[in-house]
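This report is meant to be read slowly, with the structure open beside the text. It takes up the contacts with DNA, then the relation between the chains, and lastly the metal sites.

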Number of protein chains: 2
Amino acid sequence: MEIDDRLHASGRRMTVQRRLVLEALQRARHHVTADDIATRVRARHPQIDPSTVYRNLEALEELGYVTHTHFDDRVTRWHRADAQRHGHLVCRSCGAEQEVPIGLLEPLARRLRDEHGFQADLAHSAIVGVCKACANVSSE
Amino acid sequence: MEIDDRLHASGRRMTVQRRLVLEALQRARHHVTADDIATRVRARHPQIDPSTVYRNLEALEELGYVTHTHFDDRVTRWHRADAQRHGHLVCRSCGAEQEVPIGLLEPLARRLRDEHGFQADLAHSAIVGVCKACANVSSE
DNA sequence: ACCACTATTGCGGCTCTTTGCGATAAGCAT
DNA sequence: ATGCTTATCGCAAAGAGCCGCAATAGTGGT
Ligand SMILES: [Mn+2]
Ligand SMILES: [Mn+2]
Ligand SMILES: [Zn+2]
Ligand SMILES: [Zn+2]
């Protein structure tokens, strides 16, 4: 089903602003901040308010078209929902980011489901820690 | 080793402001926001600036005396580092927060360490998902 | 007790994000 | 084409937090 149809089906409307946010997301490969999107959109259409971009990202998320992930210190990044799901490791020392297959996180998710009835979304927040490189440096 | 000594040892100084932040943290049982602390401190000492509270929490964190945790909102919560470590589950639907023993998260941490050399701090960010109660409601 | 050094403070200002509100404009019915 | 309903928008303001800077005040030495 097309995005437009899904918008209509949910009682939403297609606006210029929404289309622009959508297009910016298409072009952005991966993990962009709302501020990134706002900046790009406003480069050509300065009259569009940043808050409109934020609200549209939320709306598109409710439609299941985009998702967000939190990196260290709560920086929120957005990406299209049809991209391959994966986990994130972030080094608190050097800031390096690494992606890991979602399968790696599956055992924990299963345990949380079985033992606590909690359906965890382990890709929603990055896992913070110390990367291999930084661990080596500090142990010297 | 006393907090005062650790402060000295790291070339830091003990100030009235720092002592007040520390005391506020002692009194607060669990998970307080920087703004909470600032409000409490400023109730008696209005001349103390909120930014001083923020900076002191960071300083005390570098000393290993306090830590912070991220829940699903944009607010960071602080607590003493000597408290029992534990993981957090947050329901994205009803917002309920639940604590889980850190041991539950250990297997994943071990795997990340073994397979990626990554020392994960799985208590740093809450795990987001859907709690048992909300899952039942939506499946009816 | 006094000095010098510099960590820390209060303040002003700034960034990123969310929210309330009145104005605008999609989408539908006539 | 015209009007109506109400989703969405732009704007202003608030919330959370950070940062530069000049003034203040711990600390260690004399
Ligand atoms: Mn953090
Ligand atoms: Mn989130
Ligand atoms: Zn690193
Ligand atoms: Zn719930």
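## Contacts with DNA strand C

A polar side-chain atom of A:Arg55 is found 3.2 Å from a base oxygen of DNA strand C. This distance, like every other value in the report, comes from a predicted model. Chain A reaches a base of DNA strand C through another residue as well, since a polar side-chain atom of A:Arg13 lies 3.0 Å from a base nitrogen. From chain B, a polar backbone atom of B:Gln47 is 3.4 Å from a phosphate oxygen of DNA strand C.

Altogether 21 residues surround DNA strand C, and the closest are A:Met14, A:Tyr54, B:Arg13, B:Arg18 and B:Thr52. Of the atoms of DNA strand C that come within 4 Å of the protein, sugar and phosphate account for 71%. Helix 4 of chain A, together with helix 2 (16-27) and helix 4 of chain B, each supply at least two residues of the surface near DNA strand C, and helix 4 of chain B gives the most, with four residues.

## Contacts with DNA strand D

Around DNA strand D there are 24 residues, of which A:Arg18, A:Thr52, A:Arg55, B:Arg13 and B:Met14 come nearest. Sugar or phosphate atoms make up 68% of the atoms of DNA strand D within 4 Å of the protein, while the rest belong to bases. For this strand, at least two residues of the nearby surface are supplied by each of helix 2 (16-27) and helix 4 (50-62) of chain A and helix 4 (50-62) of chain B. The table lists polar contacts with DNA strand D.

| Residue | Atom in the residue | Atom in DNA strand D | Distance |
|---|---|---|---|
| A:Ser51 | side-chain N or O | base nitrogen | 3.3 Å |
| A:Thr52 | polar side-chain atom | phosphate oxygen | 2.5 Å |
| B:Arg55 | side-chain N or O | base oxygen | 3.1 Å |

## How the chains are related

How is chain A laid on chain B? A turn of 179 degrees and a shift of 0.2 Å along the axis bring chain A onto chain B with an RMSD of 0.5 Å. That is the relation of a two-fold axis. The same surface serves both copies, in that 97% of the contact residues of chain A recur in chain B. Of the residues of chain A, A:Arg74 comes closest to the rotation axis, with its C-alpha at 2.2 Å.

## The zinc sites

In chain A, the zinc ion (ligand 3) has as its protein donors the SG atoms of A:Cys91, A:Cys94, A:Cys131 and A:Cys134, which lie 2.2 to 2.3 Å from the ion. Along the chain these donors follow the spacing C-x2-C-x36-C-x2-C. Distant parts of the chain are linked here, as A:Cys94 sits in the loop between strand 4 (86-91) and strand 5 (97-101) of chain A, and A:Cys134 sits in helix 6 (residues 132-138), 40 residues apart. A:Cys94 counts as partly exposed because its relative accessibility is 47%, whereas A:Cys134, at 14%, counts as buried.

In chain B, the zinc ion (ligand 4) has the SG atoms of B:Cys91, B:Cys94, B:Cys131 and B:Cys134 as protein donors, lying 2.2 to 2.3 Å from the ion. Why is the arrangement around the zinc ion (ligand 4) tetrahedral? It is tetrahedral because the four donor atoms subtend angles of 103 to 113 degrees, and tetrahedral requires all angles to lie between 85 and 135 degrees. Among these donors, B:Cys131 is buried, with a relative accessible area of 12%, and B:Cys134 is buried, with 15%.

Technical notes:
Residues numbered from 1 in each chain as written. Chains lettered and ligands numbered in written order. Predicted model: local features only at pLDDT ≥ 70, side-chain atom pairs only at ≥ 80, totals over all residues. Heavy atoms only, no water. Donors = N, O, S within 2.8 Å, 3.2 Å for Na, K, Ca; no water. Tetrahedral: all angles 85-135°; square planar, octahedral: opposite > 155°, others 65-115°. Buried < 20%, exposed > 50% of the residue type's maximum accessible area, 1.4 Å probe, protein only. Least-squares fit on C-alpha atoms with pLDDT ≥ 70 in both. Contact = heavy atoms within 4.5 Å. Near = heavy atom within 4 Å. Polar contact = N/O pair within 3.5 Å; in protein donor to acceptor, adjacent residues only side chain to side chain.
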